[in-house]
Amino acid sequence: MRETSLLVYCVCETPLEPQPGEIRGVDAQPVSLIDDEGLCAVVSDLRHPAGALAADVSRILDFEKVVEVFHRARTVLPFRFGCVLEDEIRAKEALRARRGEYQAFLRRLGGCVEMGVRLLLPRKERAPSGEGGGPDSAVDGAMSAGTSPGLRYLNDRRARYREEERFALEEGDDETVERCRAAFAGLYADFRSERSRIQGTGAFGGDQTASRWRDDRERGVRMASLVFLVKRDREEAFREAFRVLSRTEGMKVLLSGPWPPYNFVPGEEIGK
């Protein structure tokens with residue numbers, strides 16, 4: 001019985017290959033299995049308090065590598081980084097308490113991978129609103145040295161709102177996302193989408209996909225992320241559909257995957 005807390009990577013069915021003794025996880029700790037009647041949690045020892053487990057890039061990458069190793073061999077239910085249990089007893093209790101739920105998810109995810117498609121939408125700046133500046137307003141953000149702090153604050157807010165407005169998502173973006181999704185018709189079992197604006201390097205910090213799009217550096221680019229749950233035997237057909245899409249769409253499109261299905265599992269932690 002362990003005396004340290006456990007960091008949980010994923011849940012899967014047993015038996016399982018490769019042998020976990022060959023794998024090291026976060027902070028170079030050996031990975032092991034806690035089995036309860038054919039359902040197991042993949043864990044490693046946590047040598048310090050859970051609150052001190054900083055989600056730095058190195059640890060997140062090590063965490064994801066463990067999940068991906070098991071995902072290549074089996075269907076897994078991946079957990080978010082930072083899921084911690086007190087000990088082996090608590091892990092087995094959690095597996096028993098949610099056995100039916102976990103088994104249902106494993107059946108749904110069976111034989112599937114996650115594929116990501118990122119659309120860098122054309123930059124569309126809106127025309128100026130026509131609002132004129134008052135006697136104390138600034139031109140291009142410049143203000144006289146005698147301007148009060150209150151007016152400087154209001155001017156900064158106006159400038160920020162104008163910037164957000166210029167990059168606001170257009171109504172036509174819905175049609176673009178739908179057209180791109182339709183390009184993969186019949187090749188996926190489930191689908192998610194999200195739209196945002198790239199803020200520059202580090203815009204994906206704190207996200208489980210942070211390490212997967214390190215080359216996105218365009219500041220201010222509007223972006224749509226599409227994720228698909230794809231059967232492994234349809235992966236090559238999915239890639240071919242992407243190649244067709246990339247040739248026909250008048251925008252930059254990026255493909256990522258295959259990954260464990262992080263976006264198709266519940267966000268709560270084991271034992272909750």
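**Exercise 1. Find which residues of α6 are buried, and decide how they are placed around the helix axis.**

Solution. In this predicted model, the buried residues of α6 are E235, F238, A241, F242 and L245. Taken around the axis, they cover an arc of only 115 degrees, so they sit on the same side of α6. The other side of the helix carries R247 and T248, which are exposed. Next, check the length: α6 has 14 residues and spans 20 Å from its first C-alpha to its last, close to the 20 Å expected at 1.5 Å a residue. Finally, check the confidence: helix α6 (residues 235–248) has the highest in the protein, with a mean pLDDT of 93.

**Exercise 2. Classify the ring pair F228 and F238, and state where each residue lies.**

Solution. Start with F228, which has 0% relative accessibility; buried means under 20%, so F228 counts as buried. F238 is buried as well. The ring centres of F228 and F238 are 5.2 Å apart and the planes stand at 65 degrees; planes over 60 degrees apart count as edge-to-face, so that is the class of this pair. In the chain, F228 belongs to strand β8 and F238 to helix α6, ten residues apart, and the pair links distant parts of the chain.

**Exercise 3. Classify the ring pair F191 and F228, then place it among the other aromatic pairs.**

Solution. The centres of the F191 and F228 rings lie 5.1 Å apart. Their planes meet at 50 degrees, which is neither under 30 nor over 60, so the pair is tilted. F191 is in strand β7 (residues 190–197) and F228 in strand β8 (residues 222–231), with their positions 37 residues apart in the numbering. This pair, too, links distant parts of the chain. Ring pairs join F191, F228 and F238 with F184 and Y188 into a cluster. The structure holds nine aromatic pairs.

**Exercise 4. Describe the backbone and side-chain features of strand β9 at S256, G257 and P258.**

Solution. S256 is in strand β9 (residues 252–259). Its relative accessibility is 6%, so S256 counts as buried. The side chain of S256 makes a polar contact of 2.5 Å with the side chain of W259. The peptide bond between G257 and P258 is cis, with omega about 5 degrees. P258 also lies in strand β9. For context, most peptide bonds are trans.

**Exercise 5. For D27 and E37, give the sign of phi, the location and the exposure.**

Solution. Most residues other than glycine have a negative phi. D27 is not a glycine, yet its phi is positive, at about 60 degrees. D27 is in the loop between β1 (5–13) and β2 (31–36). With 34% relative accessibility, D27 counts as partly exposed. E37 likewise has a positive phi, near 55 degrees. E37 is in the loop between β2 and β3 (39–46). The relative accessible area of E37 is 70%, so E37 is exposed.

**Exercise 6. Decide where the model should be read with low confidence.**

Solution. The mean pLDDT of the protein is 75, and 63% of the residues reach 70 or more. Among the elements, helix α4 (residues 149–166) has the lowest confidence, with a mean of 57. Over residues 131–143 the pLDDT stays under 50, and the model gives this stretch eight contacts beyond four places in sequence. Residues 197–219 also have a pLDDT below 50; that stretch has 45 contacts beyond near neighbours in sequence.

Note on methods: Residues are numbered from 1 along each chain as its sequence is written. This is a predicted model: local features need pLDDT of at least 70, side-chain atom pairs count only at pLDDT 80 or more; totals for chains, interfaces and linings use all residues. Side-chain values use heavy atoms; hydrogens and water are left out. pLDDT is the predictor's confidence in each residue, from 0 to 100. Helices (H or I, at least four residues) and strands (E, at least two) are DSSP runs, numbered from the N terminus. Contact means heavy atoms within 4.5 Å. Rings of Phe, Tyr and Trp (its six-membered ring) pair if their centres lie within 6.5 Å; planes under 30 degrees apart count as stacked, over 60 as edge-to-face and the rest as tilted. Buried means under 20% relative accessible area, exposed over 50%, partly exposed in between (1.4 Å probe, protein chains only). The expected span of a helix is 1.5 Å times one less than its number of residues. The arc is that of the directions from the helix axis to the C-beta atoms. A polar contact is a pair of N or O atoms within 3.5 Å; within protein, one must be able to donate a hydrogen and the other to accept it, and residues adjacent in sequence count only if both atoms are side-chain atoms.
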